[in-house]
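Me: Please take a close look at a single part of this model, the loop that carries an acidic residue on the surface, and set that loop in the context of the chain around it. I would like one connected answer.

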Amino acid sequence: MNPVTILFGTESGNSEMVADDLCSALERSGIKGEVFGMEDYHIDDLPNQELIFIVTSTYGEGDLPETTEPFFAALTAAKPDLSSTKFAAFGLGDSSYETYNQGIGTLSAALTEYGATQLGSTGYHDASSGLDPSAVALDWLESIPVPTDA
């Protein structure tokens, strides 16, 4: 299996930190991973990925972070066939906003629309909780059925 691709979108850097920590945890389990900022990832490569993790925050009033917007725009323009792609999703947000974690919901819906299959439930970090986002993400990772041949 190809390395797991971990894509992050961020405004403040927290999603990048979480993506790096997820990659390290996967590698400790013997699963090779690669981390990319969404703004640097080419949509044409997405259908070739067997498993991706997406990590993004929600910015402002439910918006995608600035670094996620180019990826999302390219995804919705290309409408790739992702029927052979599986993904896991983790969002960072703040429950004091009505649009709590809307960013990850937007991305997950688009991936599903183009045929990708989600593994496990979406993970959520709530900035209002005071918990470390990486600690929450690593707990969530334990619930994701990552193929052992990854």
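Reply: Over residues 4-145 the chain is 32% helix and 23% strand, and the C-alpha atoms at the two ends of that range are 13 Å apart. The range itself comes from UniProt, where an unreviewed entry lists residues 4-145 under "domain: Flavodoxin-like". The model is a predicted one, and the description that follows should be read with that in mind.

The part to look at closely is the loop between β4 (86-93) and α3 (102-113), which is where Glu-98 is placed. Glu-98 counts as exposed because its relative accessibility is 83%, and the cut-off for that class is over 50%. Along the chain Glu-98 and Glu-61 are 37 residues apart, yet their C-alpha atoms are separated by 7.8 Å. Both of these residues also belong to a negative surface patch, which is formed by Glu-11, Glu-61, Asp-63, Glu-66, Glu-69 and Glu-98. The loop between β4 and α3 thus contributes Glu-98 to a patch that also includes Glu-11 and Asp-63.

A second pair of residues can be described in a similar way, beginning with Leu-64, which lies in the loop between β3 (51-57) and α2. With a relative accessibility of 11%, Leu-64 counts as buried, since that class is defined as under 20%. The partner to consider here is Asn-101, which is 37 residues from Leu-64 along the chain, with 9.6 Å between the two C-alpha atoms.

Following the chain onward from α2 (69-78), one comes to Lys-79 in the loop between α2 and β4. Lys-79 is exposed, as its relative accessibility of 53% shows, and its backbone deserves a careful check, for Lys-79 has a positive phi of about 45° although it is not a glycine. Most residues other than glycine have a negative phi.

On the other side of α3, Tyr-114 is found in the loop between α3 and β5 (117-118). Tyr-114 is buried, because its relative accessible area is 11%, whereas Glu-98, in the loop between β4 and α3, is exposed at 83%. The C-alpha atoms of Tyr-114 and Ser-84 are separated by 10 Å, with their positions 30 residues apart in the sequence numbering.

Finally, the beginning of the chain offers an intermediate case, namely Asn-2, which sits in the segment before β1 (4-9). At 34% relative accessibility Asn-2 counts as partly exposed, and from Asn-2 to Ile-31, 29 residues apart in sequence, the C-alpha to C-alpha distance is 9.6 Å.

How values were computed. Residues are numbered from 1 along each chain as its sequence is written. This is a predicted model: local features need pLDDT of at least 70, side-chain atom pairs count only at pLDDT 80 or more; totals for chains, interfaces and linings use all residues. Side-chain values use heavy atoms; hydrogens and water are left out. Helices (H or I, at least four residues) and strands (E, at least two) are DSSP runs, numbered from the N terminus. Buried means under 20% relative accessible area, exposed over 50%, partly exposed in between (1.4 Å probe, protein chains only). Patches are made of residues with over 30% relative accessible area and no salt bridge: like charges are joined within 9 Å, nonpolar side chains (Val, Leu, Ile, Met, Phe, Trp, Tyr) within 5 Å. Accessible areas come from the Shrake-Rupley method with a 1.4 Å probe; for residues, only the protein chains shown count as cover. A salt bridge is a side-chain nitrogen of Lys or Arg within 4 Å of a carboxyl oxygen of Asp or Glu. Lys and Arg count as positive and Asp and Glu as negative; His and the chain ends are not counted. The place of a charge is taken as NZ of Lys, CZ of Arg, CG of Asp or CD of Glu. UniProt positions are given in the numbering used here, feature names are shortened, and annotations may be inferred rather than shown by experiment.
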